[in-house]
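Subject: A structure for you to look at

Hello,

Here is the structure I promised to pass on to you. Have a look at it first, and then read my notes below with the model open beside them.

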Amino acid sequence: MADPALLATYLPVLILLLIAGGMAVWMIGFSLVLAPHRPDPAKTSAYECGFPAFEGTRGRFDVRFYLVTLLFILFDLEIAFLFPWAVALRDIGAFGFWSMAVFLAVLTIGFAYEWARGALEWE
Amino acid sequence: MEVLAVFLPLAAFLAVGAGSQRGLPDAGAAFLACVAVLASAAISTWLFLDIAIGGNDGRIVSLAPFIEVGVLRVDWTLRVDALSVTMMAVVTAVSAAVHIYAIGYMRGDPGFARFMAYLSLFTFAMLALVTADNLVQLFFGWEGVGLASYLLIGFYNAKPSANAAAIKAFVMNRVGDLGLVLAMCWAFAAFGTLSFDGIFAAAQSVPGWALNGMALLLLIGAAGKSAQLGLHTWLPDAMEGPTPVSALIHAATMVTAGVFLLARMSPLLAHAPEALMIVTALGAATAFVAATIALVQTDIKRVIAYSTMSQLGYMVLAIGVGAYGAAVFHLVTHAFFKALLFLGAGAVIHAMGGKQDMRRMGALRGKLPWTYALMWVGVLALAGVPPLAGYFSKDAILEAAFAGAWPAFAVGIAAAVMTAFYGARVMILTFHGSARWAEGAHPHEAPPVMLGPLWFLAAGAVVAGILFYDVLVGTGPNECDTLKGHVGNFISTGCLWRAERFWDGTLAQAMPEGAHHVAFWVKALPTAAALLGLGLAVWLYQTAGARAARVAVAAPWLYRLFLHKWYFDEAWRAAFLRPALRLGAAFAGPGDRGTIDRFGPDGAAAASHRGALSLSAAQSGVLSHYALTMVVALAALLAWTLLGG
Amino acid sequence: MSTALAAIAPELTLAVMALVLLLLAAVRGQAAARPVLRGGAVALALVFAVLGATAGAPAQSVFGDMVVVDVFATALKMALVLALMAALALSAAPMRLDNIARPEYPIVTLLAGVGMMGMVSAQHFLALYVAMEMQALALYILVSSGASSARSAEAGVKYVLLGALASALMLFGMALLYGATGALDYVTIRTVLEGVDAPGLTVGAGLAFLLAGMAFKISATPFHMWTPDVYAGAPTRVTTLLALAPKIAAAGALARLLFGPLEPLAAQWVPILVVLSVASMSWAALAGVVQGDLKRLMAYSTIGNMGYMLLGFIAGGADGLAAALFYLLVYVLSVAGVFAVILAMRRDGRVVTEIVELSGLARSRPLLAAGMAALMLSLAGVPPLAGFFAKFVVFKVLIDQGMWLLAVYGLLTTVVAAYYYIKVVKVLYFDIPAEPLDRAPARARAAVLAVSVLGVVALLLAPGLGLDVARVAVAPLF
């Protein structure tokens, strides 16, 4: 049932995948061959957001750190959303503009709420 | 209007019932209930006059659809025709009298408000019954009065005997209800409808044996509610309830439901002559047997209860010989004088501090003069002494019986002698002779709030016969256009009324054809019988009680037979209860517990309990188990759809 | 554009009101709890009025056929709004008594409502998914909102993780179906699927994944595992909401899927639903027997009742779906009353939820006990209460379709399940009375209980009426 014409429109994706894969192999392969190789524990451990990758799950941490991170991610994603919108704004016209305006308004109300409720105060 | 008449008592029941839980004062409960029922009575009377005198046609008021399943279609409707307005007027009038009487009788009872609520509930159920337009709604009211009766008989629910009597009444009625339900099923199968009009219209399209079968089933239903021989044993026991209840339910209204049912179905019964013969026989037997039992009872309320049963026998007899109008007529007059007798007896019991044994009474004439006088009115009306109410209605029945089935007439006359006898006996033992009061009794006249209803009912017992004779069973050539201005043969001199005009087809016929051509001696015999019974009672009891005792000694087996109520209770116990209990024990012991329980419920329960525990173990509370379950289930689902499908 | 906005006016109203209330909460802080609750109630009443006013309007598809507004959607939204109102009304008393009234609770409830209303109107996989996530996220917050309660937090974590798993399954199912048909909107998918003789592997797998996700939403066994833990762990006012509204939304979405784009695959999904239904009915009947906690018991009750509701889907056709919808509404009506009673259970200022705490309640609180008894008997399917009629119509449509074996099996499980409902009645009336419960006046709770009990009892007067309404509501799907 898959239409060959439909599949053809996915060709760019396939090409992207091939290039990305090739790029990864190329970078890791060349650095293995060419780069100087002096490992130490800090260098070989996996990178995990500033935490040791393996430790007891019962450890204490400051929950405010997570709160701020979560709030940051929200607005970070908003930016990610704004970029394609900005690029396509010429095509989507007034409807697109007002849609984003509403979206930002909702987000702003949320922001006002978290500010007023003190979610941004560290102490 | 008719909606108000039917639903006001329901509103009163809800209001008083809810109020009784949250400290509604007794006066408030009495006020609400009485106002509702009085208003209902006023409307009902108006409706009756509108149809009887105004000559308006009956009508059917549709309220709402009730059941629609396949071809079965039942609506909530109010049928307002000659028969139902007659019943409504009687029910609400007596009910109003009893409501007011109860204010005095139940004063200070901790359950006063509850009592008032139940009375109103009963009134509503009875009204729903008589205004039904189909068998289902009739059954609704039928069960409603059964429920109210159960609640009221067991009103003193701390008393074991009251509970036993309530249960007995309920169960005995159940047997009758089964008959009614089967009749409904059969009627639906045969006619495809349960509405009265539909059934009557199609009555002749059904073979005679089926009509006879339905009629007999209806008779069983009627026998349960109206205490006909065989299913009657609950009625005397129902006297455990407070006396106003006895007056309202077990004399004037609920027990007449069976008679009403037969009258309502008369267009069907008219096509079932064989079944009518059985109806006649049962009615006559009930009238006779109940009267014999009433001769020897010593509890004042029980005498009146058996008297009720006997009079119900007359009504059923009247149905049997095709005198449907006469049956309803007797129902109406009986309601007045029997309620009067019961309420009078209640006043006596009230005066004697709750004692009901007539051997412990006597010489109350001086202490309760009004009650005494009013109760004599009731007794004479019951005995059928002209020109009181009972004379007219009993005469009409006996004339019809003579024309239809002379053995029934003979039995009826014999019962009439006994009726007069036990009536006079009650009066003599209670009010005449020497005082045989228990220690510390201080009899006193009843308060006005109790006497008032007695006056009203006594008035009814005097004039109901004269007033309604023509309307309900008149056999004239029908010369008058309307009854207006010609109420009653005794008052009007102009035209002659024919009852068929009033009934307007709601009854198959008011009186059988031959009933108004009977000889003079037939008309005179009931009166003679009444006077004979009265005379006998005076002769036996008034002059030194020894004579009555000698009669009892002279025929000891007869005395014992009557005293033990023809051994009906014992016979039922031996014939049904004991075998049923033995059978039950056999099934319960080795049968149920040993076999069915062990492998059935107990086994299944144990198995499901084990299953439940193991399932509960699966509900471990561990998140990863849950996720795993979901994934495994999905995998199974996938495998199944992909490989199987 | 304006017609599209008018079509989703109920959702818009609710969302805007939620934002306004959020601003109010931002400005006034904790003190806004009461006004916000009132505002929430007003918003719902407003939405109900809007829905009522547009109920008769002809069906229309808006936003590029993503959203459809027809009688089915409007009817379910009205039911949803009533359920949300009941949940909000019931939440007031416990929050006041426990001194934890917060403005966020009504706001998040309203936002969940927006998602749920979207679910029953969705006519496109994306719209469905977004609406579903909207209600799910809101519910995650509510479940874990128990004030400093470890159980509530645990329930929240379980709900989030398992919910995310279910979402993932569903999304994957949608992706597979998209891959197979090249479309996300229901109409096109149906057209494509109708043109295929035998659905291939991709379609079958997509269907299985999609149904697994939906089964999670309606708590059908074996995807029900979260239900008892979340019901028991969440604050009771949230459990009330969980038991009422999301079931309506999920059932509505499921009906749109199964009788819309997936209709051509009926031969595939009917057996799956049979398995889910039989498993739910059996599991709930058996596992419910040993529960001692009322909230857990109600969780199993939900599972079982969803099993019976699925029977209507299985019977299929307008009659079957109408029976299922009727069943669902009766279930929601009864359960609202049951939770009104559970929320009334407090002793010495503490919340209690064990069944034994109800011992002899008939003595101390006869009305409350009578209401609870009526609801339990209705859930058990005892005539002449509403629950009986609901079960009756579901079994009837099954038998009409010749699936009497399934009907008999359903009947058997009701017998087993009746045990635990009737056990509650027994505890209420025949056990030695426990200490009387606290008497806290709560008019809203009494009103919800009264409506529920009266509805369950009064259906007797017009048993056909509810079914007729359901028939009208499902008509647009056929």
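Chain B contains 26 helices and two strands. Bear in mind as you read that this is a predicted model. Chain B has 645 residues, and buried residues make up 53% of them. If you take the contacts in chain B between residues at least 6 apart in sequence, 79% join residues at least 24 apart.

A good pair of helices to find in chain B is H2(B), residues 26–52, and H3(B), residues 82–105. Their axes come within 8 Å and cross at roughly 155°. Angles over 145 degrees count as roughly antiparallel, so H2(B) and H3(B) are roughly antiparallel to each other. The crossing of these two helices, H2(B) and H3(B), is left-handed.

Which residues meet where H2(B) and H3(B) touch? On the H2(B) side they include Ala30(B), Cys34(B), Leu38(B), Phe48(B) and Ile51(B). On the H3(B) side, Ala82(B), Met88(B), His99(B) and Ile103(B) are among them. Sorted by class, this contact of H2(B) with H3(B) has 17 nonpolar and seven polar residues, and no charged ones.

Now move over to chain C, whose secondary structure comes to 20 helices and four strands. Chain C has 478 residues, of which 60% count as buried. For contacts in chain C with a separation of 6 or more, residues 24 or more positions apart account for 79%.

If you would like one residue to practise on, try Val335(C), which sits in helix H14 of chain C, residues 317–343. Is Val335(C) buried or exposed? A residue is buried if 20 or more other C-beta atoms lie within 10 Å of its own. Val335(C) has 23 other C-beta atoms within 10 Å, so it is buried. Leaving aside neighbours within four places in sequence, Val335(C) is in contact with Ala243(C), Leu244(C) and Met298(C). You can also pick out Thr240(C): it is 95 residues from Val335(C) along the chain, yet the C-alpha atoms of the two are separated by 8.2 Å.

Next, please look at how the chains touch each other. Where chains B and C meet, the contact takes 22 residues from chain B and 26 residues from chain C. On the chain C side, helices H7 (150–181), H9 (201–217), H10 (226–233) and H12 (266–288) each supply at least two residues. The largest share of that side, six residues, comes from H9(C). By class, the residues of chain C that touch chain B divide into 21 nonpolar, three polar and two charged.

Chain A also touches chain C: nine residues of chain A are in contact with ten residues of chain C. Helix H4 of chain A, residues 63–116, gives the largest share of the chain A side, five residues. That side of chain A has seven nonpolar residues, two charged residues and no polar ones.

One last point concerns confidence in chain A. The average pLDDT of chain A is 83, and 91% of the residues score at least 70. Where in chain A is confidence lowest, and where is it highest? The lowest is in helix H3 of chain A, residues 41–44, at a mean of 75, and the highest is in helix H2 of chain A, residues 11–34, at 92.

Enjoy exploring, and write back with any questions.

Best wishes

How values were computed. Residues are numbered from 1 along each chain as its sequence is written. Chains are lettered from A and ligands numbered from 1 in the order in which they are written. This is a predicted model: local features need pLDDT of at least 70, side-chain atom pairs count only at pLDDT 80 or more; totals for chains, interfaces and linings use all residues. Two residues are in contact if their C-beta atoms, placed from the backbone, lie within 7 Å. Ala, Val, Leu, Ile, Met, Phe, Trp, Tyr, Cys and Pro count as nonpolar, Asp, Glu, Lys and Arg as charged, and the others, Gly among them, as polar. A residue is buried if 20 or more other C-beta atoms lie within 10 Å of its own, exposed if 12 or fewer, and partly exposed in between; C-beta atoms are placed from the backbone. Axes are lines fitted to C-alpha atoms, for helices over the stretch in contact, and angles run from 0 to 180 degrees between N-to-C directions. Angles under 35 degrees count as roughly parallel, over 145 as roughly antiparallel, 65 to 115 as roughly perpendicular and the rest as oblique. A crossing is left-handed if the near helix is turned anticlockwise from the far one by less than a right angle, and right-handed if clockwise. pLDDT is the predictor's confidence in each residue, from 0 to 100.
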